[in-house]
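Visitor: Could you take me on a close look at one part of this model, the second largest cavity and what surrounds it? I'd like the side chains and the ring contacts, told in one go.

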Amino acid sequence: MLLSVLLVVVVILHEIPAQGINEDLVITLEQKEKLDEFREIMEPKLPHDYMKMDIYLIRWLKARDFDIPAATRMLREISKILITSTLIKNEVFKKKRGCELHEPIYHQIIDIEGVNLHWREENGMDSILDEDWTEFNTQYRFNLEGCDDNGAPVAVLFVGEWDMRRAALAGQSDKMRRFIDKLFEEVTTVLRTQQTRGYNATRVNIILDAASLSFQVQACPRCIPFYIYLVQTLGAHFPNTVNVCLVVNTPDIAVPLWNNIIKPVAPPDVRKLVDVYGRKRSVWREALLTKYGIDWTKMSHDMGGDGPDPVDSNDLRKNGYLYECPELK
């Protein structure tokens, strides 16, 4: 099951470009000319001023290798991305996982409609942060934990605690997918706010903390589509938003699966974007510090540091999505 999930995620991650933060701020003369042409095409159709800024427009160009027609379609036109997750019926698995399957082979299809302006309008994305997310924010923790040495925020999603099975069985699958979109909308709003205050941050670093992970709770058949949706909506609707995605505190079996089987055959951009670490904290903390420029000692006690308390989604909302790197205050 774990190998199947990782393989599906890697295939989808191939659609998410993995350029670095500095590359977002530096473009060639030829790319600048394409950016100007793209702006001329798109500006009359963009509903918000922030969408007309270079830093926003260039995300879509880079997502399509500066192919202007392709970037235009991605940002403006309607499309459908179908994700098919095949789940095989197994009575023993069903009893252990608590997830009931009614057919020998069950296909779950998730539609993501509209890339991107149509999708935002159809899904009310401009008002998603105004909705009451208090319950979900409490049940599915997400914190901002300072910044890396380039000033990019570090977001920690405590996926090991996320009771995906509960959401699925309670009939909250649509709400869960909307919550995932809300998280990325929060992150991009924070980045825009930082940019208006002089920060050079163009992307966020994401840490997925898998401590307390239970396959019964987080990896039941009805739960897997949530993870697939997380990766897919990131690539389709929030391109070039993530600098790195680090999975820490994973079960021991996940690290050799990633390093020896999946990573060697994964596309180069996926290898650059994702890394997986086990439960030996000294290893992933050293990697945070030396490889990714994230000083874990300045993070909160949740991450083993002695820094200030993290900022959660409820705090962000109260602060108007203003976030300053603690060390830069």
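Guide: Sure. The lining of the second largest cavity divides into eight nonpolar residues, no polar ones and no charged ones. Keep in mind that this is a predicted model. The residues in question are Phe142, Leu157, Ile180, Leu183, Phe184, Val187, Ile206 and Leu230. The volume they enclose comes to about 50 Å³, and the count of cavities of 30 Å³ or more is three. As for the method, rolling a probe the size of a water molecule over the atoms shows where empty space is left.

Which helix gives the most to this lining? That's helix 10, residues 173-196, with four residues. In general, an α-helix has 3.6 residues a turn, so residues three or four places apart point the same way.

Leu230 is one of the lining residues too, and helix 12 covers residues 224-237. Is helix 12 mostly covered or mostly open? Mostly covered: 14 of its 14 residues are buried. The geometry of helix 12 also checks out, because at 1.5 Å a residue its 14 residues should span 20 Å, and the end C-alpha atoms are 20 Å apart.

Now for the rings. The structure holds eleven aromatic pairs. Take Trp133 and Phe136: their ring centres are 6.2 Å apart and their planes sit at 75°, so this pair is edge-to-face. Both Trp133 and Phe136 are buried. Tyr140 and Phe179 make a tilted pair, with 5.9 Å centre to centre and 50° between the planes. Tyr140 lies in the loop between helix 8 (134-139) and strand 3 (142-147), while Phe179 belongs to helix 10, so the pair ties together parts that are 39 residues apart in sequence. Tyr140 counts as buried because its relative accessibility is 1%, and Phe179 is buried as well, with a relative accessible area of 0%.

Put the ring pairs together and you get a cluster that links Trp133, Phe136, Tyr140, Trp162 and Phe179. So helix 10 turns up twice: it holds Phe179 of the tilted pair, and it gives the most to the cavity lining.

Last, the charges over rings. Lys175 lies over the face of Trp133, at 4.3 Å from the ring centre, and Trp133 is a member of that cluster. Elsewhere, the charged end of Arg141 sits over the ring of Phe158, 3.8 Å from its centre.

Conventions. Residues are numbered from 1 along each chain as its sequence is written. This is a predicted model: local features need pLDDT of at least 70, side-chain atom pairs count only at pLDDT 80 or more; totals for chains, interfaces and linings use all residues. Side-chain values use heavy atoms; hydrogens and water are left out. Helices (H or I, at least four residues) and strands (E, at least two) are DSSP runs, numbered from the N terminus. The expected span of a helix is 1.5 Å times one less than its number of residues. Buried means under 20% relative accessible area, exposed over 50%, partly exposed in between (1.4 Å probe, protein chains only). On a 1 Å grid over the protein atoms alone, a cavity is a set of points where a 1.4 Å probe fits but cannot get out, and a pocket is an open set with protein on both sides within 12 Å along at least five of seven lines; lining residues have an atom within 4 Å of a point. Grid points are joined across faces, edges and corners, and a volume is the space filled by probe spheres set on the points. Ala, Val, Leu, Ile, Met, Phe, Trp, Tyr, Cys and Pro count as nonpolar, Asp, Glu, Lys and Arg as charged, and the others, Gly among them, as polar. Rings of Phe, Tyr and Trp (its six-membered ring) pair if their centres lie within 6.5 Å; planes under 30 degrees apart count as stacked, over 60 as edge-to-face and the rest as tilted. A charge sits over a ring if NZ of Lys or CZ of Arg is within 6 Å of the ring centre and within 35 degrees of the ring normal.
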